[in-house]
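Hi everyone, thanks for coming. I'd like to walk you through a model I've been looking at, so please pull it up and follow along.

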Amino acid sequence: MDEQEFVSLLQALLLPDTEKVKAATSRLNKNYYSDPRSLIALIHILIAQSETQIRQLASIEARKLVQKHWTKIPEDQKPQLRQTLLQSTIDEEQQLARHSKARVIAEIAKIDLEDGQWADLPGILNNAATSGNVRHREVGVYIIYTLLEASPDMFQDNMTAMLVLFNRTIQDPESVEVRVNTMLALSELAMVLDTEEDQESLKSFQSTIPHMVKVLQQAIKDNDEEHSMQAFDVFNRLLSYESAFLNAHFGDLLQLFMQIASNVELDDDARSQALAFLMQAVRFRKLKVQSLKVGEAMTKMCLQIVTELGETSAEDEDVTPARSALGLLDILSESLPPSQVAVPLLQAIGPYVQHQDPDYRRAGILALGMCVEGAPDFIATQLHEIMPLVLHLLEDQSVRVRSAALNGVSRLADDLADDMGREHARLIPALVKNFDLALSGMRSTQAGSDDYEENVSILKASCMAVDSLIEGLEPNDAAQYVNELVPRFSALFGHDDHKVQMAAVSAVGSIASASENAFQPYFEKTMQSLGRYISIKESEEELELRGMVIDSLGKIASAVGAEAFQQFVEPLMRASVEGLQLDNQRLKETSYILWSTLARVYEENFAPFLEGVAQALFASIEQDEVDSEVNLGAEASDLIGQEITIAGRKIKVAGAGGVNEGDDEDGIVEMDGDDDDDSDDWDDLGGISAVAMEKEIAVEVMGDVLTHTKSKYLPYMQKTIELTVPLLEHTFEGVRKSAVSTVWRAYACIFGLAEDQGMQKWQAGLPLKVAPTEDLKKLGDVVMKGTLLLWEDEMDRATVTEVNRNVAATLKLCGPAILSPEGNASVSTYVEQITARLVLILQRNHPCQKDEDDLDETEIQDEETNEYDWLVIETALEVVAALATALGDQFGTLWKIFETHIYKFASSQERFERSAAIGTMADCIEAMGSACTPYTKRMLSIILKRLRDEDPETKSNAAFGAGLLCLNSKDVKELQPAYPTILSLLEPMLDTSPKASGPASGPASAEAEARARLVDNAAGCVARMISAAPQGVPLPQVLPRLVSLLPLENDFRENEPVFEMLIKLYQAQEPTAMGLKKEVLPVLQKVCGPPEEQVSEGLREKLVQLGGFLSGQ
């Protein structure tokens, strides 16, 4: 082997000449690297070569060849190679080269130690790590670290000795490199430490945590960015391991990282890293964080840090403490209950929004906006206090503050559409004012100046705020703003800034969607203006705009209806199909969403487009998600030093077979981010790739299309099921969630078609009284089996919530057919398996309700729940009620299983838990009929308590349940004595005077609506009580009051029991009823008129007859 030529070829790899690099790579692979002697030569070069870069490169190449050639090297040569390599590494002065040599040693040792060779290496390394020579300690610890990194289980049998060593080296008095590399080694050792079986080693490991803290603190103090980042990385890695490693110090660590994050004298990178740790801690250890009650302190810390945002925008992508603090607020509000985040935030922002410094005012509204998505129900109850602050800030003198306030309106409206929509009379004029001021400001300033750009920002934010707000308005309310808004926004369709264009286009689409027919006068002109954008494709900006236009045109189609939009359907569909070929992810997804919208508008008339739509969606779902292989060699030489993005991760590419100056280790790939670079992270990338996110939308759209096109979709149904069911096991939760929805919608669609074709209406109970078709049986079995598997182990709470919603909706719509397995029953029935999963959720013991580590599962008992976690329970309660609907009186036996959990929620301190629980119980009473009799005493006790509840919604549900219990239960002894008490509690609910209602917090407030429902449910309760036992109700006092409330105008369902009761009284010619003929006749005329939804068709016929009878008296 020509070693001189070998060296020259290695030197050629470092040249900035792609062709020479390719040629050298080819010759090395062909003439040298296939020969085991090449490894010996490389070891000689990395030991003896004077040029640092060549030594470094030889180390990298040697490491690659160890696995291939080391076992083929003659045994008599190995001792000398090991000895000289080890000595050379100890003597190496250049750190990067020393580290690269150490990695070669680790690769060789991995093979040798497994084969029982190089037996003295551990002792040599231990001596080096404890040597009096600092260089020896650095080399010894680093080689141990690289050995652990390469094969951590190599030291599993020597765990005690390793921890004794590391407890010493973590406190090295001279070398930060020894201390930091010890931290890195400990993070590798943790991967093989059995925390349950080896408690002594666990305690020894935990004892290193305070020393790790000191290493981090010192690195930060010394402005040692490299070592502080490595220390942060270790803490992040330990956070991703079993919680036992950090549990003993978890609270102290949170306090430490909060101190770092809030210290303005520290480097921004260190503070951002501390905030990143806190984000991960809250996300993955939320129960532990909640139990420590640090949410309030974190929230206030974040609020203060956000004041540092300065001149930059909150939407910029650069990582800063202020933007990281906003991200932490978002995670806090989503993960912790409102008492630890939203409540203290609202208490704290008052001084901020009134502060003389605009940065403080902006921080207050930005922080509030970040917390809405995580706690929408709570924020909704506080809108009466929030709105004056928002309106005040929309008038602020500072442009930055007004921009933040507009952003706040958008965020509030996105998550509280109906509640914010009620405030339109105050909000929209303020938004228009901001828009007009910004437009005027733009005209009077120089394009490109700071003032001009600030006005552009306000213009865009105004459009976005209207966009979000308008969709929460009723059509009649939205209609009054069409003439004011559409001309303003339409004028921006041709604006120079494409983001302003997009904001204006989107806003007009939303205005159309909200105002419906009122948009008609602007329809033709808008279509002409936007039509020219559906084919643009010259740049990424144009493709983004094109996607937004297509999205808005879909909304306009929904507004104006099928007939008016007909002429535009075909060109729009053509443009959407063409968009799939333009390699723009957003445009693809927009096309899919358009198809969903048009299918909803045209229903079965969408059939001419179904073939193309179905095939495109199938093609999307069948895409391979494996990322293109990244070849880092000669072919990557033109990317040297650049960053590329793979699956959302930035990767720095080093030289072809070489390194960049300053790169550590191999210099091949450096991940840009806070996460560790464990191979598991790369495995996870496939689950969040752009293709996976596209599939999520494609699967969901497929469900929309099949639901609306019904029988026309049948030719594509089988393949839809074949493609979608396997996605219930996809690695990305978004795809699993969409797949759940689509397979259940497919079942409901087939069921509805079967009924249309003559299958009888389903009846409650098992065995089935109405046999489904064979296709339905098979499909039901596939859907249920796939869902039960997912439902059992799913960690993502949004996916479990989606399962709950779909199962509940389908059981109510299609009855018990899907609960009956095809063929022989399994070990446990579907009902038993569903019940088991529901009980786990109601006990808060389902996998999606725990931290990723089960050790934290028992730390929170009977404490407040964050709103997303409650949604899992609330939708599970919906499934309980739906099971009752599907099983009818057979549900009585299941009630025994659920009642304790439901009673517990009915006695909760949280109003929404009480309301949901008592509503579920009422639905179950209605569904199981007289089967509720054995449970009357306890049910009645709970209902009477809740009839006294301070929350109108809970009280309303209790009234509903009380009436149903009186009607369905046969336990007369228990119920009859309770009649006077129930009536006394109902009496104030039937008072509709303004004094009784109390002040509303805003126009048509949610509380006012709840009070209106309360009146209707109370009336229905009285009617059911009369129907069940008229002798128990003082009719002369009660009936006139009840008739004065008729017809009921909010909950039309309650009109049924009320008028059925009146019919019975008149059939019996009951005196009090007969005396109310004059009052009842106009009520009958009104309830038999529009809207038709007031009563069923059957009841309407009876009421017409009753009216004729009374008129003839």
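**Rings, core and charges**

Let's start with the aromatics: there are 21 aromatic pairs in this structure. One of them is Phe 523 with Phe 568, an edge-to-face pair at 5.6 Å centre to centre, with 85 degrees between the planes. That pair links distant parts of the chain, with Phe 523 in helix 31 (residues 520-531) and Phe 568 in helix 33 (residues 562-579), 45 residues apart. Phe 523 and Phe 568 are both buried. And please keep in mind that this is a predicted model.

Now stay on Phe 568, since it has another partner. Phe 565 and Phe 568 make a tilted pair, 5.7 Å between centres and 50 degrees between the planes. How far apart are Phe 565 and Phe 568 along helix 33? They are three residues apart, so about one helical turn separates them. Like Phe 568, Phe 565 is buried.

Phe 565 has quite a list of contacts. Leaving out residues up to four places away in sequence, Phe 565 touches Phe 523, Met 527, Leu 553, Ile 556, Ala 557, Val 560, Leu 572, Leu 598 and Tyr 602. Phe 565 also shows up when you look at the largest nonpolar core, which has 382 residues. The residues with the most contacts inside that core are Phe 257, Phe 565, Phe 891 and Leu 947. Helix 39 (residues 733-756) gives this core its largest share, 13 residues. Phe 257, by the way, also sits in an aromatic cluster with Phe 232, Phe 235 and Phe 277.

OK, on to the charges. The count of salt bridges comes to 47. Take Asp 172 and Arg 137, whose side chains meet at 2.5 Å, N to O. Asp 172 is in the loop between helix 9 (159-169) and helix 10 (176-189), while Arg 137 is in helix 8 (residues 134-150), so this pair ties together parts 35 residues apart in sequence. Buried or exposed, what would you say for Asp 172? Asp 172 is buried, because its relative accessible area is just 5%, and buried means under 20%. Arg 137 counts as buried too, at 7% relative accessibility.

Next, Arg 797 and Asp 869: their side chains form a salt bridge at 3.0 Å, N to O. Arg 797 is in helix 41 (residues 797-814) and Asp 869 in helix 43 (residues 867-887), so the bridge ties together parts that are 72 residues apart in sequence. Both Arg 797 and Asp 869 are buried.

For a contrast, go to Glu 926 and Arg 1053, which form a salt bridge with the closest N and O atoms 3.8 Å apart. Glu 926 is in helix 45 (residues 911-928) and Arg 1053 in the loop between helix 52 and helix 53, so to speak two distant parts of the chain, 127 residues apart. Glu 926 is partly exposed, with 34% relative accessible area, and Arg 1053 is partly exposed as well, at 43%. Going back to Arg 797 and Asp 869 for a second, salt bridges that share partners join them with Lys 286 and Glu 334 into one network.

So what about a buried charge without a partner? Look at Asp 1051, in the loop between helix 52 (1035-1044) and helix 53 (1055-1067). Asp 1051 is buried yet has no salt bridge, and the nearest side chain of opposite charge, Arg 1053, is 4.6 Å away. Beyond its neighbours within four places in sequence, Asp 1051 is in contact with Asp 1016 and Asn 1017.

Lys 588, in helix 34 (residues 585-602), is another charged residue to click on. At 16% relative accessibility, Lys 588 counts as buried. Setting aside neighbours within four places in sequence, Lys 588 contacts Leu 580, Gln 623 and Glu 694.

Last stop, the start of the chain. Leu 9 is in helix 1 (residues 3-12) and counts as buried, at 8% relative accessibility. Apart from residues up to four places away, Leu 9 touches Ala 24, Arg 27, Leu 28 and Tyr 32. An unreviewed UniProt entry annotates residues 24-91 as "domain: Importin N-terminal". In the model, residues 24-91 are 78% helix and 0% strand, with the end C-alpha atoms 30 Å apart. UniProt also lists residues 386-424 as "repeat: HEAT", again from an unreviewed entry, and that span is 79% helix and 0% strand.

Notes
Residues numbered from 1 in each chain as written. Predicted model: local features only at pLDDT ≥ 70, side-chain atom pairs only at ≥ 80, totals over all residues. Heavy atoms only, no water. Core = buried A, V, L, I, M, F, W, Y, C linked by side-chain atoms within 4.5 Å. Buried < 20%, exposed > 50% of the residue type's maximum accessible area, 1.4 Å probe, protein only. Helix = DSSP H or I, 4+ residues; strand = E, 2+ residues; numbered from the N terminus. Contact = heavy atoms within 4.5 Å. Phe/Tyr/Trp six-rings, centres within 6.5 Å; stacked < 30°, edge-to-face > 60°. Lys, Arg positive; Asp, Glu negative; His and termini not counted. Salt bridge = Lys/Arg side-chain N within 4 Å of Asp/Glu carboxyl O. UniProt positions renumbered as here; feature names shortened; annotations may be inferred.
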